[in-house]
Amino acid sequence: AGDGQARMPTALSGIDDVTWQGWQWCTDITLRQWQKLAINAIINPLTALFDCRNGALLDQGPRQQAMAALAQELDHLIPHWLPQWPGHSMALAEQVAAQTANNISSMLADARAGRITEVNYINGYVVRQARAHQLDAPENDAICARISTLHD
C-alpha cells in the first residue's frame with residue numbers, strides 16, 4: 001500500500017499496466033518497512049511456535065493473546081524510532097493473518113524442516129534496537145529464545 005502521493009517510477013513506465021494493477025507507490029517507505037517488520041514479528045514466530053497456519057492465530061485463545069502481547073510491545077517501542085507510528089500493529093497482523101489464512105510462514109517452514117529461522121533478524125532486531133535505546137523488549141526477547149530452541 002502506497003501513500004497516495006507518489007507515481008510509478010519513470011523507468012518502469014514501459015511495462016504494461018496489467019503488471020502494476022493494484023500497486024501503489026510511496027515517496028517514503030520507512031513507515032511501510034516498520035509495518036512489514038511489525039507484521040512479520042507477530043505472525044512468523046507465533047506460527048512457528050504454535051505450528052499453525054497464519055489464520056489459526058485468530059482463534060480467540062492463547063494464540064491471539066500472544067499476538068496481542070507482541071503487538072502491544074511493538075506499539076510501545078516503534079514510536080521511539082518512528083515518531084509517526086500509528087500504533088495499530090494488532091490490526092495489521094490480524095488483517096494479514098486473515099488474508100493469508102491458509103499460508104504457512106517462512107519461519108514455520110524453517111522450523112518444520114529443522115533449519116535455523118530468521119527470528120533473530122526479525123524479533124532480534126527489535127530487541128537490539130530496544131537495547132540500543134535503553135528500552136526493554138521482553139516479549140520479543142522471549143519469542144527469540146523460544147523459537148531458537150525449535151531447531152536444536
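**Figure 1. Close-up of W34, a residue that lies in helix α1.** In this predicted model, the residue W34 is buried, because its relative accessible area is 11% and a residue counts as buried when that area is under 20%. Leaving aside residues up to four places away in sequence, W34 touches I78, W81, L82, W85 and Y125. One of these partners, I78, is 44 residues away from W34 in sequence, although the C-alpha atoms of W34 and I78 are 7.9 Å apart in space.

**Figure 2. The chain as a whole, shown as the setting for the other views, has six helices and zero strands.** Read from the N terminus on, the elements of the chain follow the order α-α-α-α-α-α. Of the 152 residues in the chain, 38% are buried. Among the contacts in the chain with a separation of 6 or more, 63% are accounted for by residues 24 or more positions apart.

**Figure 3. Close-up of the crossing between helix α1, residues 30–50, and helix α6, residues 138–148.** The axes of α1 and α6 come within 10 Å and cross at roughly 35°, and the crossing of these two helices is left-handed. On the side of α1, the contact is made by A41, P45, L46, A48 and L49, while α6 contributes N140, I143, R146 and I147. Sorted by class, the residues in this contact of α1 with α6 are seven nonpolar, one polar and one charged.

**Figure 4. Close-up of S105, which has its place in the loop between α3 (89–99) and α4 (106–112).** Is S105 buried or exposed? S105 counts as buried, because its relative accessibility is 5%, and the cut-off for a buried residue is under 20%. The side chain of S105 reaches the backbone nitrogen of L108 at a distance of 3.0 Å. When residues up to four places away in sequence are not counted, S105 touches N44, T47 and N54.

**Figure 5. Close-up of the salt bridge in which the side chains of D51 and R112 meet.** Side chains of opposite charge can pair when their charged atoms come close. The structure holds four salt bridges, and in the one shown here, between D51 and R112, the distance from N to O is 2.8 Å. Which parts of the chain does this pair link? The pair links distant parts of the chain, with D51 in the loop between α1 and α2 (62–77) and R112 in helix α4, and the two residues are 61 residues apart. D51 is described as partly exposed because its relative accessible area is 45%, a value that falls between the limits of 20% and 50%.

**Figure 6. Close-up of two further salt bridges, one between D59 and R63 and one between D110 and R115.** In the pair of D59 and R63, the closest N and O atoms are 3.8 Å apart. D59 is partly exposed, with a relative accessible area of 34%, and R63 is likewise partly exposed, with a relative accessible area of 25%. In the pair of D110 and R115, the closest N and O atoms are 2.9 Å apart. Here D110 is buried, since its relative accessible area is 16%, whereas R115 counts as partly exposed, at 43% relative accessibility.

Notes
Residues are numbered from 1 along each chain as its sequence is written. This is a predicted model: local features need pLDDT of at least 70, side-chain atom pairs count only at pLDDT 80 or more; totals for chains, interfaces and linings use all residues. Side-chain values use heavy atoms; hydrogens and water are left out. Axes are lines fitted to C-alpha atoms, for helices over the stretch in contact, and angles run from 0 to 180 degrees between N-to-C directions. Helices (H or I, at least four residues) and strands (E, at least two) are DSSP runs, numbered from the N terminus. A crossing is left-handed if the near helix is turned anticlockwise from the far one by less than a right angle, and right-handed if clockwise. Contact means heavy atoms within 4.5 Å. Ala, Val, Leu, Ile, Met, Phe, Trp, Tyr, Cys and Pro count as nonpolar, Asp, Glu, Lys and Arg as charged, and the others, Gly among them, as polar. Buried means under 20% relative accessible area, exposed over 50%, partly exposed in between (1.4 Å probe, protein chains only). A polar contact is a pair of N or O atoms within 3.5 Å; within protein, one must be able to donate a hydrogen and the other to accept it, and residues adjacent in sequence count only if both atoms are side-chain atoms.
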